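Grab a coffee and open the viewer. Here are a few exercises on helix packing and empty space, each with a worked solution.

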Amino acid sequence: MSFTLIPTPTARLHRSELAVPGSNPTFMEKSASSNADVIFLDLEDAVAPDDKEKARTNIIAALNDIDWGNKTMMIRINGLDTHYMYRDVVDIVEACPRLDMILIPKVGVAADVYAIDVLTTQIEQAKKREKKIGFEVLIETALGMANVEAIAQSSPRLEAMSFGVADYAASTRARAQVIGGVNPDFSVLTDKDEAGKRETHWQDPWLFAQQRMLVACRAYGLRPIDGPFGDFSDQDGYISAARRCASAGYEGKWAIHPSQIDLANEVFTPSEAEVTKARRILEAMKEAAKAGRGAVSLDGRLIDIASIRMAEALISKADAMSGK
């Protein structure tokens, strides 16, 4: 284990992240009763330029007037290259104590996060805000992916990263057919068999990007979250994409339609076996401490600090799920 230990961010349930346009108050009211762990009220892609200011007003009213229960509430601000961004941050952070996080889109360099951190910190200090705002960043450009490790270390407010596949595909000029889906041309042919036949094996065009972001997140204590799957009528496709990411180590996935929320929750909910093992790890740690043993082992294997921290995080989330 390295001598360098990375602090873990605020523990939150983050299996499903529901996108809700800030220009539609009806959708916001309905989303409050959904099973989504995280909701982001959108000021960016889902809102037309002429509706930006009204959407901001709608979001302030929704955050202050709607009962959101124990959901994590987030806003997606407009990009740093727009004149909408600063008012998104100032107006909403100043007026909405219920706000938990800010989703920063199209982050390309660490300084992008720094800029929002400075503005948010000043507002918190001026308003004597008690709850500290957390950040999630969207890695959705070639520039952002090239700098993903630096971005992961950019702010102590940073809790999570999302992979924004649609804009990433546009940025890299990928020939995507469905947002978050695969392309039959991204495939390889096997060698010919004895009969001269060959098979086609489809590949995952997003694997490299998703894995690179995942490693950056896990190295620096962040939650890796997979982004949207565009065809919300294709539940099997959504589940397949979610399972690939869950098996790799992702903690959740976006839902761009309410029908995707329960699918994400099911895929990213830890199994009973995983929860049981985590509880056994923590129990073994306690027993070792009582006995004065420096080494902690379970089932013949030594337990390191990382395993203990992972077990604590998993149990925290399991307990939160059972309380929902």
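The exercises below work through a predicted model, starting with helices and moving on to pockets and a cavity.

**Exercise 1. Work out how α2 and α3 are oriented relative to each other, and which residues make the contact.**

Solution.
- Step 1: find the two helices. α2 covers residues 52-65 and α3 covers residues 85-95.
- Step 2: get the geometry. The helices pack at an angle of about 20°, and their axes are 10 Å apart.
- Step 3: classify the angle. Angles under 35 degrees count as roughly parallel, so α2 and α3 are roughly parallel to each other.
- Step 4: check the handedness. α2 passes α3 in a right-handed crossing.
- Step 5: list the partners. From α2 come R56, I59, I60, L63 and N64, and they meet R87, D88, D91, I92 and A95 of α3.
- Step 6: sort them by class. The contact of α2 with α3 has five nonpolar, one polar and four charged residues.

**Exercise 2. Do the same for α3 and α4: what is the packing angle, and which residues meet?**

Solution.
- Step 1: α4 spans residues 110-127, and it packs with α3 at an angle of about 30°, with the axes 10 Å apart.
- Step 2: that angle makes α3 roughly parallel to α4.
- Step 3: α3 passes α4 in a right-handed crossing.
- Step 4: on the α3 side you'll find M85, Y86, V89, V90, V93 and E94, which meet I116, L119, T120, I123 and K127 in α4.
- Step 5: by class, the contact of α3 with α4 comes to eight nonpolar, one polar and two charged residues.

**Exercise 3. Describe the largest pocket: what is its volume, and which element gives the largest share of its lining?**

Solution.
- Step 1: the volume of the largest pocket is about 1,200 Å³.
- Step 2: go to the centre. Of the 41 lining residues, R218, E251, M310, A313 and K317 lie nearest to it.
- Step 3: look for elements that give two or more residues to this lining. They are α8 (207-219), α10 (261-268), α11 (272-290) and α12 (305-322).
- Step 4: pick out the main contributor. α12 gives the largest share, 10 residues.
- Step 5: split the lining of the largest pocket by class, and you get 23 nonpolar, eight polar and 10 charged residues.

**Exercise 4. Now take the second largest pocket: which residues lie nearest its centre, and which element gives the most to its lining?**

Solution.
- Step 1: the second largest pocket has a volume of about 510 Å³.
- Step 2: its lining has 27 residues, and A19, V20, P21, I256 and H257 are the ones nearest the centre.
- Step 3: at least two lining residues each come from β1 (16-21), α1 (25-31), β2 (38-42) and α7 (165-172).
- Step 4: β1 gives the most, with four residues.
- Step 5: by class, the lining of the second largest pocket has 16 nonpolar, five polar and six charged residues.

**Exercise 5. Find the enclosed space: how many cavities of 30 Å³ or more does the whole structure hold, and which residues line the largest?**

Solution.
- Step 1: searching the whole structure turns up one cavity of 30 Å³ or more.
- Step 2: the largest cavity has a volume of about 60 Å³.
- Step 3: show its lining in the viewer: F163, V165, G180, W206, Q210, D226, G227, P228, A241, R244 and K253.
- Step 4: the lining of the largest cavity divides into five nonpolar, three polar and three charged residues.

How values were computed. Residues numbered from 1 in each chain as written. Predicted model: local features only at pLDDT ≥ 70, side-chain atom pairs only at ≥ 80, totals over all residues. Heavy atoms only, no water. Axes fitted to C-alpha atoms, helices over the stretch in contact; angles between N-to-C directions. Parallel < 35°, antiparallel > 145°, perpendicular 65-115°, else oblique. Left-handed = near helix turned anticlockwise from the far one by under 90°. Contact = heavy atoms within 4.5 Å. Nonpolar A, V, L, I, M, F, W, Y, C, P; charged D, E, K, R; others polar. 1 Å grid on protein atoms, 1.4 Å probe; cavity = no way out; pocket = protein on both sides within 12 Å on 5 of 7 lines; lining within 4 Å. Points joined across faces, edges and corners; volume = space filled by probe spheres on them.
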